[in-house]
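User: I should like to go through the terms used for this model and see what each one rests on. Please set each value against its cut-off.

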Amino acid sequence: MTQARPLIALYPGSFDPVTLGHEDIARRTLRVVDQLVVGIAETSSQAKTPAFSVEERLELLREVFRDEPRIECEAFSGLLVDYARQKGAGLVVRGLRAVSDFEYEFQMAQMNRELSPGLEFVFLTPDAHLSFLSASIVKEVARLGGDVSSFVSAPVLRRLKERFR
Ligand code: PNS
């Protein structure tokens, strides 16, 4: 009898920092795949000045998903399609919050398909109460002293408070 290969997905992003929206997407993905690689891209298509270094973001991701042995968190440089191949991931997962996300996601998915025709892109929607959430908005509110405790988990909240004290 042949053993089925585990289905591995890659969830790439900037995760600056990881929010409850990201966590929701990652945990939902585990309902349909065997293993998930959460990959911090050292090069993001959106030029941004990150609040946290790649190392800090990675540390937070690992802390947040400490309870989940099926999730591996790493940073990667270079093209997403090359990293997916390296990790043996057959699909890439992205969160789709609203119609406004669609154009950017569609462009990236189409380009990535040109680069790697065998790779599939899957979009998951977060829980409704997280559908407006973005790491940029969380950072801005935290920077201005607002309460973001409903939008990030405890280790991230602690780190945001330290950063924007
Ligand atoms: O969380 P973000 O910033 O929206 O994620 C964007 C990300 C990291 C998925 C994208 O910038 C990316 O794939 N970067 C890796 C480099 C790459 O392959 N770029 C070409 C994308 S078509």
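Analyst: The model is a predicted one. In it, helix H2 (residues 54-64) packs against helix H6 (residues 154-163) at an angle of about 150°, and their axes are 9 Å apart.

User: Why are H2 and H6 called roughly antiparallel to each other?

Analyst: Angles over 145 degrees count as roughly antiparallel. The angle between H2 and H6 is about 150°, and the pair is therefore described as roughly antiparallel.

User: Which residues of H2 and H6 meet?

Analyst: From H2, the residues are Glu56, Glu59, Leu60, Glu63 and Val64; from H6, they are Pro155, Val156, Arg158, Arg159 and Arg163. Sorted by class, this contact holds 4 nonpolar and 6 charged residues, and no polar ones.

User: What makes Ser14 buried?

Analyst: The cut-off for buried is under 20% relative accessible area. Ser14 has a relative accessible area of 16%, so Ser14 is buried. Ser14 is found in the loop between E1 and H1. Apart from neighbours within four places in sequence, its contacts are Ile40, Ser44, Lys48 and Arg57.

User: How far apart are Ser14 and Ser134 in sequence and in space?

Analyst: They are separated by 120 residues in sequence and by 11 Å in space, taken from C-alpha to C-alpha.

User: How do you know that Asn112 counts as buried?

Analyst: The same test applies: buried means under 20% relative accessible area. Asn112 has 10% relative accessibility and therefore counts as buried. This residue lies in helix H4 (residues 99-115). With neighbours within four places in sequence left aside, Asn112 is in contact with Leu80, Val81 and Phe121.

User: What makes strand E2 mostly covered?

Analyst: Strand E2 spans residues 35-41, and 6 of its 7 residues are buried.

User: How do you know that E2 pairs with strand E1 and with strand E3?

Analyst: Two strands pair if there are at least two bridges between them. E1 (residues 8-13) is joined to E2 by 6 bridges, and the two run parallel. Ala9 has Leu36 in E2 as its bridge partner. The chain passes from E1 to E2 through helix H1 (residues 20-29), in a β-α-β crossover that is right-handed. E2 is likewise joined to E3 (residues 71-76) by 6 bridges, again running parallel. Leu36 has Ile71 as its bridge partner in E3. Both pairs therefore satisfy the requirement of at least two bridges.

Key: Residues numbered from 1 in each chain as written. Predicted model: local features only at pLDDT ≥ 70, side-chain atom pairs only at ≥ 80, totals over all residues. Heavy atoms only, no water. Buried < 20%, exposed > 50% of the residue type's maximum accessible area, 1.4 Å probe, protein only. Helix = DSSP H or I, 4+ residues; strand = E, 2+ residues; numbered from the N terminus. Right-handed = clockwise from strand over helix to strand, strands pointing away. Axes fitted to C-alpha atoms, helices over the stretch in contact; angles between N-to-C directions. Parallel < 35°, antiparallel > 145°, perpendicular 65-115°, else oblique. Contact = heavy atoms within 4.5 Å. Nonpolar A, V, L, I, M, F, W, Y, C, P; charged D, E, K, R; others polar.
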